[in-house]
Structure formats: structure tokens, C-alpha cells
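Please look through the model below before reading on. The report then goes from the whole chain to single residues.

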Amino acid sequence: MRVGTVERLRRYPVKSMLGEELRAASVTERGIAGDRAYALLDAATGRVVSAKRPRLWAGVLGFTAATGPGGGVVVTGPDGAVVDEGGLSRRLGREVRLVDEPPQGASVQRSVPEEVLAHGPHADVGFTVDELGCGAPPGTFVDFAPLHLLTTAALAATDGAAPERYRPNVLVRTPDGAPGFVENGWVEGEPAIGPELRPHVVTATPRCAVPTLAHGPGCRVRRRRCARPRGATGWSRRRACPRCPASVCTPGC
């Protein structure tokens with residue numbers, strides 16, 4: 001049964017930065033080639049930087065990462081100027097390093113989303129410390145699974161929020177009239193994307209504060225709750241957010 005068509009492909013070469021649009025992509029068990037290939041490391045704590053702790057790192061979402069020659073990365077600031085590690089540290093107000101391999105036992109800090117919504121992204125709110133990439137192959141910077149899917153039906157159910165807020169790798173355009181959060185029906189399934197790619201949809205994505213933050217100049221702070229998909233269980237039992245994470249059973253292009 002056909003459930004939709006791929007409308008957009010995106011990758012995010014540096015974790016928590018804005019990414020780049022793709023016309024085609026190679027996908028392995030690690031996700032889209034070049035996706036989250038790099039991350040910033042907080043020199044003071046040794047933790048991987050994530051905008052899920054917005055009091056410290058919401059500003060990272062103002063930078064854009066693009067894949068450079070030879071698989072390197074080029075980072076530009078909100079003003080379009082290319083920045084290096086030193087420039088990032090100065091603009092973010094904390095010393096950071098750009099790394100291409102997670103430290104042993106890598107983890108991220110995740111602010112409690114409801115507290116961020118109640119008190120604002122710059123408030124000192126409670127947070128948890130989560131293991132990085134527990135649903136992905138070792139050595140990746142993804143939070144959980146290596147591929148994220150989102151449908152236009154889910155966006156419509158969130159009052160037409162911009163897809164950039166949810167940072168999907170694959171945006172699927174569903175037919176008019178498709179129920180919101182149709183992704184719920186994909187959990188534990190393996191939707192076919194093209195002739196080869198077969199992702200295994202793991203669960204619904206847990207709610208986080210990132211969709212409410214500013215994502216560059218065209219996507220400002222959104223002080224409202226994400227709609228919550230029904231049926232989130234397991235790892236996503238903490239209130240869920242549109243998108244569904246997937247592992248890759250059969251790689252493809």
C-alpha cells in the first residue's frame with residue numbers, strides 16, 4: 001500500500017546545527033551518508049553539545065553546516081560568515097571543539113521539555129543525562145536511531161509547523177486527508193523507500209524542547225506545545241513528538 005512520496009531529504013553534518021537539502025542520498029545502517037558526522041564537544045564538561053539543553057546551547061541552531069570537499073564540513077554563522085572552532089567558541093560563550101568521533105561513553109544533557117515551555121529556553125531548568133546513540137551503530141552522534149521520518153500529515157496536525165523544527169531526514173508527503181501522526185502505524189514496520197531502502201521504524205520520538213526553539217532567522221521561538229502522537233511506548237514513553245526514528249535494515253539510495 002502506498003502511503004506517500006518522498007518530498008524532501010535533509011542531512012545535518014554537525015549535530016544540532018541547521019543542515020542541507022539533498023536531491024539524493026546514500027543510506028547505510030549509520031543513516032544518511034554524512035549526517036551527524038560531526039558534533040561540538042564542550043571543553044569544560046567533555047559532553048557532546050546538544051540544543052536539547054537550550055540554556056547552554058540554543059544558539060547552536062543559528063549555525064548552518066554544509067558538507068565540504070572530501071567529506072569535511074563548512075560552518076557558517078547567522079550572518080553567513082564562515083566560522084572555525086575559535087569563532088564558534090566566542091559566539092557561543094563557551095569553549096567548544098569540533099570532533100568527528102564521539103568520546104567513550106558519550107552522553108547529552110536533555111532539559112525537561114515542559115519546564116522549558118513554562119519558563120523559557122534560557123531558564124535554568126531540570127535536565128536528564130542520556131546515553132548517545134543507544135539505538136544506532138557505535139560511533140555515531142545521533143541521539144537514538146540513525147534515520148528520522150516525518151510526514152506532512154503530522155505537520156498539519158501541529159498547526160502547520162515548519163518541518164525544520166523537527167529535523168527530519170526524510171519528509172514524506174501523505175495524501176490529502178491522511179490522519180495526523182500516520183507514522184504511529186509504522187512502528188515496528190519496514191516501509192519501502194524507493195526500490196532498495198528498508199528502514200525499521202523503532203518507536204515514536206520522545207518530546208524535546210528543540211522544536212520550540214529558533215532555527216535560524218526564518219524559524220523563530222515557538223512558545224507552545226507540540227501535539228502529542230498517541231501510542232508512544234518504551235524509550236519514547238516520555239511524551240512523544242512528531243517524527244519517528246528508524247534503524248536501517250536494508251541500505252539503499
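What follows is a short report on a predicted model.

## Overall make-up

The model is predicted, so local features are reported for residues with pLDDT of at least 70. The protein has 253 residues, and 52% of them count as buried. Its secondary structure comprises four helices and 16 strands.

Contacts reach far along the chain. Take those between residues at least 6 apart in sequence: 64% join residues at least 24 apart. The exposed surface comes to about 11,500 Å². Carbon and sulfur atoms supply 50% of that area.

## The β6–β7 hairpin

Strand β6 covers residues 64–67, and strand β7 covers residues 73–76. The two run antiparallel and are joined by four bridges. Thr 64 faces Thr 76 of β7 across the pair.

Five residues separate β6 from β7 in this hairpin. Gly 70 sits in the turn, with a positive phi of about 70 degrees.

## Helix α2 and its surroundings

Helix α2 spans residues 85–92. Its buried residues are Gly 87, Leu 88, Ser 89 and Leu 92. They pack against two strands on the N-terminal side of the helix and other elements listed here: β5 (39–42), α1 (54–57), β7 and β8 (96–99). Strand β7 thus appears again, here as a packing partner of α2.

Both ends of the helix have something to show. At the N-terminal end, Asp 84 acts as the cap. One of its side-chain oxygens lies 3.2 Å from the backbone nitrogen of Gly 86. After α2 comes Gly 93, with a positive phi near 80 degrees.

## The loop between β12 and β13

Most residues other than glycine have a negative phi. Which phi does Phe 181 have? The value is positive, near 60 degrees. Glu 188 also has a positive phi, near 70 degrees. Phe 181 lies in the loop between β12 (170–173) and β13, and Glu 188 is found in the loop between β12 and β13.

Is Phe 181 buried or exposed? Phe 181 counts as buried, because its relative accessibility is 11%, under the 20% cut-off. Glu 188 is exposed, because its relative accessible area is 55%, over the 50% cut-off.

The side chain of Glu 188 makes a polar contact of 3.2 Å with that of His 200. His 200 belongs to strand β13, residues 198–201. With a relative accessible area of 18%, under the 20% cut-off, His 200 is therefore buried. The contact joins the side chains of His 200 and Glu 188: His 200 is buried, and Glu 188 is exposed.

## A buried lysine

Lys 52 is found in the loop between β5 and α1. Its relative accessibility is 13%, so Lys 52 counts as buried under the 20% cut-off.

What is Lys 52 in contact with, leaving aside its neighbours within four places in sequence? The residues are Gln 109, Arg 110, Ser 111, Asp 143, Cys 208 and Val 210.

## Charges over rings

How many aromatic pairs does the structure hold? The number is zero. Arginines do lie over ring faces, however. Arg 53 is placed over the face of Phe 127, at 3.9 Å from the ring centre. Arg 167 is over the face of Tyr 12, at 4.5 Å from the ring centre.

Methods:
Residues are numbered from 1 along each chain as its sequence is written. Side-chain values use heavy atoms; hydrogens and water are left out. Buried means under 20% relative accessible area, exposed over 50%, partly exposed in between (1.4 Å probe, protein chains only). A polar contact is a pair of N or O atoms within 3.5 Å; within protein, one must be able to donate a hydrogen and the other to accept it, and residues adjacent in sequence count only if both atoms are side-chain atoms. Two strands pair if DSSP finds at least two bridges between them. Contact means heavy atoms within 4.5 Å. Rings of Phe, Tyr and Trp (its six-membered ring) pair if their centres lie within 6.5 Å; planes under 30 degrees apart count as stacked, over 60 as edge-to-face and the rest as tilted. A charge sits over a ring if NZ of Lys or CZ of Arg is within 6 Å of the ring centre and within 35 degrees of the ring normal. Accessible areas come from the Shrake-Rupley method with a 1.4 Å probe; for residues, only the protein chains shown count as cover.
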